[in-house]
Amino acid sequence: MSDLPGIVITGISGRMGQMLAKTVTTSGKARLVGAVERSGHDWIGQDLGAAMGGAANGVIVTDDPLEAFAKAQAVIDFTAPAATLEFAKFAAQARAVHVIGTTGFEPGQIDALEPAARHAVQIRAGNMSLGVNLLTKLAKTVAQALDADWDIEVVEAHHNRKVDAPSGTALMLGQAAADGRGITLEGNTESGRDGIIGARQPGAIGFSAIRGGDIVGEHDVIFAAAGERIVLRHIATDRAIFARGALKAALWGLDQKPGQYDMIDVLGL
């Protein structure tokens with residue numbers, strides 16, 4: 001057991017944090033060696049297992065990421081952009097693989113992640129599931145085959161506590177469609193329509209977001225032309241798929257050189 005790679009999870013009290021802890025602990029492929037939460041959180045100083053409502057497991061929740069990362073070979077991080085930027089620096093210092101499932105980054109924040117990747121493996125994806133990454137490849141392929149007479153719309157649905165829109169997965173799918181069409185996503189996006197907005201711009205990639213209940217994640221990429229539509233769809237019913245993908249990414253990253261990667265790289269697609 002002690003020969004298994006050690007993994008630290010940030011944002012441990014959140015739904016994804018707890019799911020990641022369970023996934024790593026039961027995987028038989030890695031050890032959970034650290035758990036990080038923000039300063040002042042009630043879980044700081046507590047045994048993680050007990051804090052999660054189960055048996056003690058010897059992992060004490062801390063607000064000191066550098067100390068935690070120094071004991072690990074990999075860090076799995078589903079938090080917030082500002083926190084992830086700080087964690088990237090600590091992961092680089094510890095030379096630990098940094099798996100980033102955080103979404104909601106601004107372009108400048110994404111650029112700010114690059115310096116840390118010169119010293120450590122950094123794997124970032126808007127979605128860690130195999131199915132979504134296959135959908136991304138399909139979206140690019142279909143967009144390559146169709147001209148601008150086909151409108152592209154990405155429709156996503158998530159639970160009512162999600163704070164960013166469009167979702168990171170929706171943006172990943174939109175980027176794939178833009179790449180397939182040979183255009184930039186930034187200059188060819190329609191999002192947040194409301195009121196008298198006029199006709200859709202030819203060639204634009206649209207985004208629509210739905211928030212409600214406990215929806216884990218649903219994504220459609222719609223290609224619509226006169227008289228016909230193509231709909232590519234992925235539905236997630238259990239967020240464990242994201243945890244399993246993140247663990248797969250962490251283990252894959254152990255054998256890579258420092259640099260920036262995504263799940264397409266991990267899955268060899």
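**Exercise 1. The cavity**

State which element supplies the largest share of the lining of the largest cavity, and how many residues that share comprises.

*Solution.*
1. The structure is a predicted model, and by the rule applied, the count comes to one cavity of 30 Å³ or more.
2. The volume of the largest cavity is about 30 Å³.
3. Its lining consists of Ala88, Ala91, Ala92, His98, Ala116, Ala117, Ala120, Val121 and Gln122.
4. At least two residues of this lining come from each of α4 (81-94) and β6.
5. The largest share belongs to α4, with three residues.
6. Sorted by class, the lining contains seven nonpolar and two polar residues, and no charged ones.

**Exercise 2. The sheet of seven strands**

Give the order of the strands in the open sheet of seven strands, and explain why one side of each edge strand is left without a neighbour in the sheet.

*Solution.*
1. The order is β3-β2-β1-β4-β5-β6-β12, and the pairing is parallel.
2. The edges are taken by β3 (61-62) and β12 (259-261); each has a single partner strand, so one side of each lacks a neighbour in the sheet.
3. Helix α1 (residues 15-27) lies across β1, β2 (31-36) and β4, and its direction makes an angle of about 170 degrees with β1.
4. Helix α8 (residues 240-253) lies across β1, β4, β5 (97-100), β6 (121-124) and β12, at about 155 degrees to β5.

**Exercise 3. Strand β1 and its partners**

Decide whether the residues of β1 are buried or exposed, and identify the partners of valine 8 in β2 and β4.

*Solution.*
1. A residue is called buried when its relative accessible area is under 20%.
2. Five of the five residues of β1 are buried, and the strand is mostly covered.
3. Gly6, Val8 and Thr10 point one way from β1, whereas Ile7 and Ile9 point the other way; all are buried.
4. With β2, β1 forms five bridges in a parallel arrangement, in which valine 8 stands opposite glycine 34.
5. With β4 (residues 74-77), β1 (residues 6-10) pairs in the parallel sense over three bridges, and valine 75 is the bridge partner of valine 8.

**Exercise 4. The sheet of five strands**

Describe the order and pairing of the open sheet of five strands, and explain why β7 is largely enclosed by the rest of the structure.

*Solution.*
1. The order is β8-β9-β7-β10-β11, with mixed pairing.
2. β8 (189-191) and β11 (228-236) are at the edges; each has a single partner strand, so one side of each is without a neighbour in the sheet.
3. On average, neighbouring strands of this sheet are turned by 15 degrees against each other, direction ignored.
4. β8 and β9 (residues 205-211) run parallel and are joined by three bridges; here glutamate 190 has glycine 206 as its bridge partner.
5. β7 and β9 also run parallel, joined by seven bridges, and isoleucine 152 stands opposite isoleucine 205.
6. β7 and β10 pair in the antiparallel sense over seven bridges, with valine 154 opposite valine 221.
7. Six of the eight residues of β7 are buried, so this strand is largely enclosed by the rest of the structure.
8. Helix α6 (residues 130-145) lies across β7 (151-158), β10 (217-225) and β11, at about 165 degrees to β11.

**Exercise 5. Lysine 29**

Locate lysine 29, classify it as buried or exposed, and list its contacts beyond its neighbours within four places in sequence.

*Solution.*
1. Lysine 29 belongs to the loop between α1 and β2.
2. Its relative accessible area is 52%; since exposed means over 50%, lysine 29 is exposed.
3. Apart from neighbours within four places in sequence, lysine 29 is in contact with Leu4, Pro5 and Leu251.
4. Leucine 251 is 222 residues from lysine 29 along the chain, and their C-alpha atoms are separated by 8.3 Å.

**Exercise 6. Two backbone features**

Find where proline 166 and arginine 95 lie, and state the backbone feature of each.

*Solution.*
1. Most peptide bonds are trans, and most residues other than glycine have a negative phi.
2. Proline 166 lies in the loop between β7 and α7 (168-181); a cis peptide bond, with omega about -5 degrees, joins alanine 165 to proline 166.
3. Arginine 95 lies in the loop between α4 and β5; its phi is positive, near 55 degrees, in a residue other than glycine.
4. Arginine 95 is exposed, with a relative accessible area of 52%.

Note on methods
Residues are numbered from 1 along each chain as its sequence is written. This is a predicted model: local features need pLDDT of at least 70, side-chain atom pairs count only at pLDDT 80 or more; totals for chains, interfaces and linings use all residues. Side-chain values use heavy atoms; hydrogens and water are left out. Two strands pair if DSSP finds at least two bridges between them. Contact means heavy atoms within 4.5 Å. Axes are lines fitted to C-alpha atoms, for helices over the stretch in contact, and angles run from 0 to 180 degrees between N-to-C directions. On a 1 Å grid over the protein atoms alone, a cavity is a set of points where a 1.4 Å probe fits but cannot get out, and a pocket is an open set with protein on both sides within 12 Å along at least five of seven lines; lining residues have an atom within 4 Å of a point. Grid points are joined across faces, edges and corners, and a volume is the space filled by probe spheres set on the points. Ala, Val, Leu, Ile, Met, Phe, Trp, Tyr, Cys and Pro count as nonpolar, Asp, Glu, Lys and Arg as charged, and the others, Gly among them, as polar. Buried means under 20% relative accessible area, exposed over 50%, partly exposed in between (1.4 Å probe, protein chains only).
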